[in-house]
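I wanted to go through the salt bridges of this protein today. Here are my notes, pair by pair.

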Amino acid sequence: MNVRTMIQALIMATVMCFGLTVSAQPAAAQNVRVVIKSIEASKGEPYIDPKLNDLRKQLNQPGFAGYSTFKQVDSTSFSLSKGKSKDLRLKNGKEAKLTFHGEANNLARIGLEIVGSMNTTLRLSKGSYFFQAGMRYGSGILILAIKIDRSEERRVGKECRSRWS
């Protein structure tokens with residue numbers, strides 16, 4: 001590979017990353033990726049499903065006192081654009097609706113409605129979980145662990161900026 005080819009490859013990579021970064025910035029502010037883990041919590045022998053290892057510390061907190069068995073019964077992820085909603089059927093048969101209301105002060109505002117039970121607005125920092133618990137399920141309760149991830153476009157743009165700076 002000669003010097004001219006190397007320079008052309010470097011210019012092409014820089015242009016691609018710059019283009020991804022520029023096009024990603026407006027989209028990142030308008031889109032979020034939502035991850036929801038549905039967890040059955042019950043009383044019994046202490047057990048945390050290996051699929052929930054990233055939540056082990058939170059599940060052992062006093063907020064879940066009285067429950068010692070935690071099994072993941074469902075997991076889903078999807079992207080939401082500002083002002084858009086996603087309807088879900090929960091494992092206990094109830095309907096839920098999540099709506100992305102936008103971002104402010106590094107917090108995503110997500111509307112959570114469990115039809116016939118509750119309607120609230122969550123303020124979530126990216127990467128942290130919010131737990132909605134209390135709905136009866138099986139021999140215990142259903143816990144929704146809701147997390148907002150950085151959008152894919154924002155992640156790619158950030159990687160390119162750090163790589164070429």
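I began with glutamate 103, which is partly exposed at 29% relative accessibility. This is a predicted model, so I am reading computed geometry throughout.

Which side chain meets glutamate 103 in a salt bridge? I found lysine 126 there, with an N to O distance of 2.6 Å. Lysine 126 sits in the loop between β7 (118–125) and β8 (129–137), while glutamate 103 belongs to strand β5 (residues 95–104), so their contact ties together parts that are 23 residues apart in sequence. I also checked the accessibility of lysine 126: at 27%, it counts as partly exposed.

Next I looked up glutamate 95. Its side chain forms a salt bridge with arginine 89, at 2.7 Å from N to O. Is each partner buried, partly exposed or exposed? I noted glutamate 95 as partly exposed, with 31% relative accessibility, and arginine 89 as exposed, with 58%.

Then I turned to lysine 37. It pairs with aspartate 54, and their closest N and O atoms are 2.9 Å apart. I placed lysine 37 in strand β1 (residues 31–42) and aspartate 54 in the loop between β2 (47–48) and α2 (56–59), so this salt bridge links parts 17 residues apart in sequence. Lysine 37 has a relative accessible area of 10%, under the 20% cut-off, so I logged it as buried. Aspartate 54, at 43%, is partly exposed.

My last lookup was a network: salt bridges link Arg33, Lys147 and Asp149.

How many salt bridges are there by this rule? My tally for the model is five.

Methods
Residues are numbered from 1 along each chain as its sequence is written. This is a predicted model: local features need pLDDT of at least 70, side-chain atom pairs count only at pLDDT 80 or more; totals for chains, interfaces and linings use all residues. Side-chain values use heavy atoms; hydrogens and water are left out. A salt bridge is a side-chain nitrogen of Lys or Arg within 4 Å of a carboxyl oxygen of Asp or Glu. Helices (H or I, at least four residues) and strands (E, at least two) are DSSP runs, numbered from the N terminus. Buried means under 20% relative accessible area, exposed over 50%, partly exposed in between (1.4 Å probe, protein chains only).
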